[in-house]
Amino acid sequence: YKRVLVNDLILDKDGLKMSKSKGNTVDPFAMFDKYGADALRWYLLYVSPAWTPTKFDEEGLKEVISKFFLTLKNVYGFFVMYANADNIDPRTFDSPIGDRDEIDRWLLSKYNSMLKDVTHNMEIFDMTKAVRKIQEFVNEDLSNWYIRRNRKRFWDSELTDDKKAVYVTTYEILTGVAKIIAPFAPYMAEELYRNLTDAESVHLADYPRCDDALIDNDLEYKM
């Protein structure tokens, strides 16, 4: 072997080995039915590296759903609602990155920085760091900062270059995130990507590559 990855035990929330005699086992199929396979897979990767004992806590699973899955769905829903209301298709716009607002260029920089870290961590099989980086980006940078700071740009009654820029930027990030999460949350990634692009499948798309030219460390620090 060149590389060997060994999975450790799944424990209960108190760190005890699961067994029928203790009554602390968890039925994975019940979890699938209740929360979905994507959420369970994401949580197990998020909570601890595969090679360490994993404490399974249903409350932690709920937190991951709230902070990542619902957040991403809300950003997508916000984008689609205003795009449909304005009858806008961002794929038809020409919005040069150099002409976009500082906060648009900041988000593209944060996205590419995140993608660079995720790709590196995937190459060394550290999926925990990878999904944590993605979740932090979606929750903090995309939702809590970018969307909240730019609501008025979506509400603008005129289709200005600035309004085009915020739509194009959000579209690029959402399609990029859909491709990035495809190995970890294949069902949600497929739904997002197909709805956004009309493509056959996200799993037929190439995995994104970091564009170092779009990373601006000074701008990230300034923001």
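Start by selecting Ile-65 in helix 3: here the helix bends by about 35°. Keep in mind as you look that this is a predicted model.

Now widen the selection to residues 58-85, the whole of helix 3. How far apart are its end C-alpha atoms? They are 38 Å apart, and this agrees with the 40 Å that 28 residues should span, because each residue adds 1.5 Å.

Next, visit the two ends of this helix. At the N-terminal end, pick Asp-57, which acts as a cap: one of its side-chain oxygens lies 3.1 Å from the backbone nitrogen of Glu-59. Then jump to Asn-87, just after helix 3, where phi is positive at about 55°.

For the second stop, select residues 161-181 for helix 7 and residues 186-197 for helix 8. Their axes come within 8 Å and cross at roughly 145°, and the crossing is left-handed. To see the contact, show the side chains of Tyr-171, Leu-174, Thr-175, Ala-178, Lys-179 and Ile-181 on helix 7, together with Pro-186, Ala-189, Leu-192, Tyr-193, Leu-196 and Thr-197 on helix 8. Colour them by class and you will find 9 nonpolar, 2 polar and 1 charged residues.

Finally, zoom out to the whole protein. Its C-alpha trace spans about 65 × 40 × 35 Å along the principal axes. You can pick out 9 helices and 2 strands, and following the chain along the sequence gives the pattern β-α-α-β-α-α-α-α-α-α-α.

How values were computed. Residues are numbered from 1 along each chain as its sequence is written. This is a predicted model: local features need pLDDT of at least 70, side-chain atom pairs count only at pLDDT 80 or more; totals for chains, interfaces and linings use all residues. Side-chain values use heavy atoms; hydrogens and water are left out. Axes are lines fitted to C-alpha atoms, for helices over the stretch in contact, and angles run from 0 to 180 degrees between N-to-C directions. Helices (H or I, at least four residues) and strands (E, at least two) are DSSP runs, numbered from the N terminus. A crossing is left-handed if the near helix is turned anticlockwise from the far one by less than a right angle, and right-handed if clockwise. Contact means heavy atoms within 4.5 Å. Ala, Val, Leu, Ile, Met, Phe, Trp, Tyr, Cys and Pro count as nonpolar, Asp, Glu, Lys and Arg as charged, and the others, Gly among them, as polar. The expected span of a helix is 1.5 Å times one less than its number of residues. The bend at a residue is the angle between axes fitted to the seven residues ending there and the seven starting there. A polar contact is a pair of N or O atoms within 3.5 Å; within protein, one must be able to donate a hydrogen and the other to accept it, and residues adjacent in sequence count only if both atoms are side-chain atoms.
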